There are 2 protein chains.
Amino acid sequence: MITQKAKYALRALTVLAAADDGEPVMISDIAAQQKIPKKFLEQILLDLKHQGIVVSRRGKSGGYLLLKPADMITFGEVLRIIDGPIAPLPCLSITAYRKCDDCDGEQNCEIRHVFAKVADATRKVLFSTTIADAVAPAKVAEVTRLLA
Amino acid sequence: MITQKAKYALRALTVLAAADDGEPVMISDIAAQQKIPKKFLEQILLDLKHQGIVVSRRGKSGGYLLLKPADMITFGEVLRIIDGPIAPLPCLSITAYRKCDDCDGEQNCEIRHVFAKVADATRKVLFSTTIADAVAPAKVAEVTRLLA
DNA sequence: CTATTTGTCTATTGATTTAGTAGAGTAACA
DNA sequence: TGTTACTCTACTAAATCAATAGACAAATAG
């Protein structure tokens, strides 16, 4: 299970992706729109800012903007920032590798071997899907509605 | 990340799978062989027993045995028993479905859509791999050693 | 029939993580 | 210079994780 925090982060980013280019969106607006506790969202956006996913502007007419284009932000990188390693075992993590203290001989560890396949499959999906992909269907639906 | 408990469960089952047919293996032996805290392992095996994965015998020459053949026990079912749902979101769980209280309209939830792909890929691996698969390479290695 | 052996079951614990809240502070702008 | 909106740190309640503790029950050997 991914955390609530990660879900919030992804949904906040889709809001920013859907906003007009160069137009900052206020934390309160994102929070209201996505039913996210405002104070909690502040922390999340701050994390995303520190990790170079978004930028912020202060004062009147301030808010948040995407730093990179939405189709350059993958689900995988967001999850890593918020929830930590993608891998199901520490000894399979790319960003936070840690030898399993009990098992020695990773090459022969069959459990590791199985979960390596899980990790590969998971990464394939998460790093090939972007925030833009998550926004696209919503936009299609919107256009469809407008044309109806 | 899967829990330590799940890792212990899987490794304990490989020990039982490797044991001679009909020969019970004592908790202490499994614990020693796999460096698992004995008292913790007791609980794990009890869980697996309650869920119909293993059976036990008490008293002298007692211990645990697999209830089903090793190639009929998948990683997926063991993980479900020990760690709970496989799905990354409650609204994607087969065994413990729960509507996400924030998002309404599952059909349109793009986050859900992405994680559905993750869940599918994960399940494909976990339910097609059995304890027998995990033991097989070890057996091959053993035979190779004996023949050397 | 009783002592030993091995599994059964429930409760408790300390550490960590999760999901927030609280509040003082700082930059930008009008 | 006041208001607005982001920034940063600290705190907390509840849940989960990884064990540990100990009383109990069944099987069996002598």
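## Close-up views of a DNA-bound pair of chains

**View 1. Helix α2 of chain A turns its buried residues towards its neighbours.** Those buried residues of α2(A) pack against α1, α3 and β2 of chain A (contact means C-beta atoms, placed from the backbone, within 7 Å). What you're looking at is a predicted model, in which local features need pLDDT of at least 70 and side-chain atom pairs count only at pLDDT 80 or more, while totals for chains, interfaces and linings use all residues. Residues are numbered from 1 along each chain as its sequence is written, with chains lettered from A and ligands numbered from 1 in the order in which they are written. The buried set in α2(A) is A:Ile27, A:Ile30 and A:Ala31 (buried: 20 or more other C-beta atoms within 10 Å of a residue's own; exposed: 12 or fewer; partly exposed: in between; C-beta atoms are placed from the backbone). Look down the helix axis and they fall within an arc of 100 degrees, so they line one face of α2(A) (the arc is that of the directions from the helix axis to the C-beta atoms). Over on the other side of α2(A), A:Ser28 and A:Ala32 are exposed. Right after the helix, A:Lys35 has a positive phi of about 55 degrees.

**View 2. Chain A, end to end, is built from 6 helices and 2 strands.** Helices (H or I, at least four residues) and strands (E, at least two) are DSSP runs, numbered from the N terminus. Starting from the N terminus, the order in chain A is α-α-α-β-β-α-α-α. The C-alpha atoms of chain A fit a box of roughly 55 × 40 × 25 Å along the principal axes. Chain A has 148 residues, and 32% of them count as buried. Take the contacts in chain A between residues at least 6 apart in sequence, and 60% of those link residues at least 24 apart.

**View 3. Chains A and B meet through the same surface, since 100% of the interface residues of chain A are also interface residues in chain B.** Each partner brings 26 residues to the contact, 26 from chain A and 26 from chain B. On the chain A side, α1, α5 (110-126) and α6 (131-147) each put in at least two residues. Helix α5(A) gives the largest share of that side, 9 residues. Sorted by class, the side of chain A that touches chain B holds 17 nonpolar, 3 polar and 6 charged residues (Ala, Val, Leu, Ile, Met, Phe, Trp, Tyr, Cys and Pro are nonpolar; Asp, Glu, Lys and Arg are charged; the others, Gly among them, are polar).

**View 4. A half-turn takes one chain onto the other: a rotation of 180 degrees with 0.0 Å of shift along its axis superposes chain A on chain B (RMSD 0.0 Å).** The two copies are therefore related as by a two-fold rotation axis (superposition is by least squares on C-alpha atoms of residues with pLDDT of at least 70 in both). Of the chain A residues, A:Ala121 comes closest to the rotation axis, with its C-alpha at 2.9 Å.

**View 5. Helix α5 of chain B has its buried residues on the same side.** They are B:Ile111, B:Val114, B:Phe115, B:Val118, B:Ala119, B:Thr122, B:Val125 and B:Leu126. Together they cover an arc of only 140 degrees around the axis, which puts them on the same side of α5(B). The helix length checks out too: at 1.5 Å a residue, the 17 residues of α5(B) (residues 110-126) should span 24 Å, and the end C-alpha atoms are 24 Å apart, which agrees (expected span: 1.5 Å times one less than the number of residues).

**View 6. B:Val114, sitting in α5 of chain B, reaches across to chain A.** This valine, B:Val114, counts as buried because it has 21 C-beta neighbours inside 10 Å. Set aside neighbours within four places in sequence, and B:Val114 is in contact with A:Phe75, A:Val125, A:Thr129 and A:Ala134. B:Ala31 is another matter: 83 residues apart from B:Val114 along the chain, with 40 Å between their C-alpha atoms.

**View 7. DNA strand C is surrounded by 25 residues.** Here near means a C-beta atom, placed from the backbone, within 6 Å of the strand. The closest are A:Thr3, A:Gln4, A:Pro37, A:Gly59 and B:Ser56. Both chains chip in: α1 (4-18) and α3 (38-50) of chain A, plus α2 (27-34), α3 (38-50) and β2 (63-66) of chain B, each supply at least two residues. The largest share of the surface near DNA strand C, 5 residues, is from α3(B). By class that surface has 7 nonpolar, 10 polar and 8 charged residues.

**View 8. DNA strand D also has 25 residues around it.** A:Ser56, B:Thr3, B:Gln4, B:Pro37 and B:Gly59 come nearest. At DNA strand D, α3(A) gives the most, with 4 residues.

Note on methods
Contact = placed C-beta atoms within 7 Å.
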